[in-house]
Amino acid sequence: MKLDDEAKNAVRELGDAVNDSIKQSAIVAEAIMRLREIGYSPNLTLKLEIGLNEIDDDFDENAELELTDEDLRELRRMKIRIE
């Protein structure tokens with residue numbers, strides 16, 4: 001998919017926002033500090049992939065989703081409930 005400049009900028013902003021939120025996370029800072037306390041110097045590399053799909057104006061909110069037993073097990077493992 002070819003993106004126009006506005007979409008490219010929006011994707012770049014999203015990547016920057018994710019990066020900034022990780023940098024500012026007290027939980028991440030505490031985990032890094034804990035590693036340093038036990039004698040390790042962490043090197044954290046995260047890969048962010050942003051995928052885009054164009055919005056389909058024909059989207060049907062009442063469409064039924066068919067899930068396999070394996071799908072349901074995986075969702076339960078991730079603590080996601082389907083109601």
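# Close-up views of a three-helix chain

The chain exposes about 8500 Å² of surface, and carbon and sulfur atoms supply 49% of that area. Welcome to this predicted model; the legends below take you through it view by view.

**View 1. The whole chain, with its 3 helices and 0 strands.** Starting at the N terminus, the elements follow the order α-α-α. The radius of gyration is 19 Å, well over the 12 Å that the globule rule gives for 83 residues, so the chain is more spread out than a compact globule. Along the principal axes, the C-alpha atoms fill a box of roughly 55 × 40 × 20 Å. How many of the 83 residues count as buried? The share is 2%.

**View 2. Confidence along the chain, where the average pLDDT is 85.** A score of at least 70 is reached by 96% of the residues. Which element has the highest mean pLDDT, and which the lowest? Helix H2, covering residues 26–37, has the highest at 93, while helix H3, covering residues 69–77, has the lowest at 87.

**View 3. The largest pocket, with about 220 Å³ of space.** Lining this pocket are 14 residues, and those closest to its centre are Val18, Asn19, Ile22, Leu44 and Leu46. Two elements, helix H1 (5–23) and H2, each give two or more residues to the lining. Which element supplies the largest share? That is H1, with 5 residues. Sorted by class, the lining has 8 nonpolar, 4 polar and 2 charged residues. If you wonder how such a space is found, rolling a probe the size of a water molecule over the atoms shows where empty space is left.

**View 4. Asn43, in the loop between H2 and H3.** Is Asn43 buried or exposed? Its relative accessibility is 71%, so Asn43 counts as exposed, the cut-off being over 50%. Now look for Asn19, one of the residues closest to the centre of the largest pocket. Asn43 and Asn19 are 24 residues apart along the chain, and their C-alpha atoms are separated by 15 Å.

**View 5. Lys8, a residue of helix H1.** Lys8 has a relative accessibility of 39% and therefore counts as partly exposed, a class that lies between the 20% and 50% cut-offs. How far apart in space are Lys8 and Arg34? From C-alpha to C-alpha the separation is 37 Å, and in sequence the two residues are 26 apart.

**View 6. Lys79, in the segment after H3.** Most residues other than glycine have a negative phi. Lys79 is not a glycine, yet its phi is positive, at about 60°. Lys79 is also exposed, with a relative accessible area of 75%.

Note on methods:
Residues numbered from 1 in each chain as written. Predicted model: local features only at pLDDT ≥ 70, side-chain atom pairs only at ≥ 80, totals over all residues. Heavy atoms only, no water. pLDDT = per-residue confidence, 0-100. Helix = DSSP H or I, 4+ residues; strand = E, 2+ residues; numbered from the N terminus. 1 Å grid on protein atoms, 1.4 Å probe; cavity = no way out; pocket = protein on both sides within 12 Å on 5 of 7 lines; lining within 4 Å. Points joined across faces, edges and corners; volume = space filled by probe spheres on them. Nonpolar A, V, L, I, M, F, W, Y, C, P; charged D, E, K, R; others polar. Rg over C-alpha atoms; globule rule 2.2 N^0.38 Å. Buried < 20%, exposed > 50% of the residue type's maximum accessible area, 1.4 Å probe, protein only. Areas by Shrake-Rupley, 256 points an atom, 1.4 Å probe, with all protein chains shown as cover.
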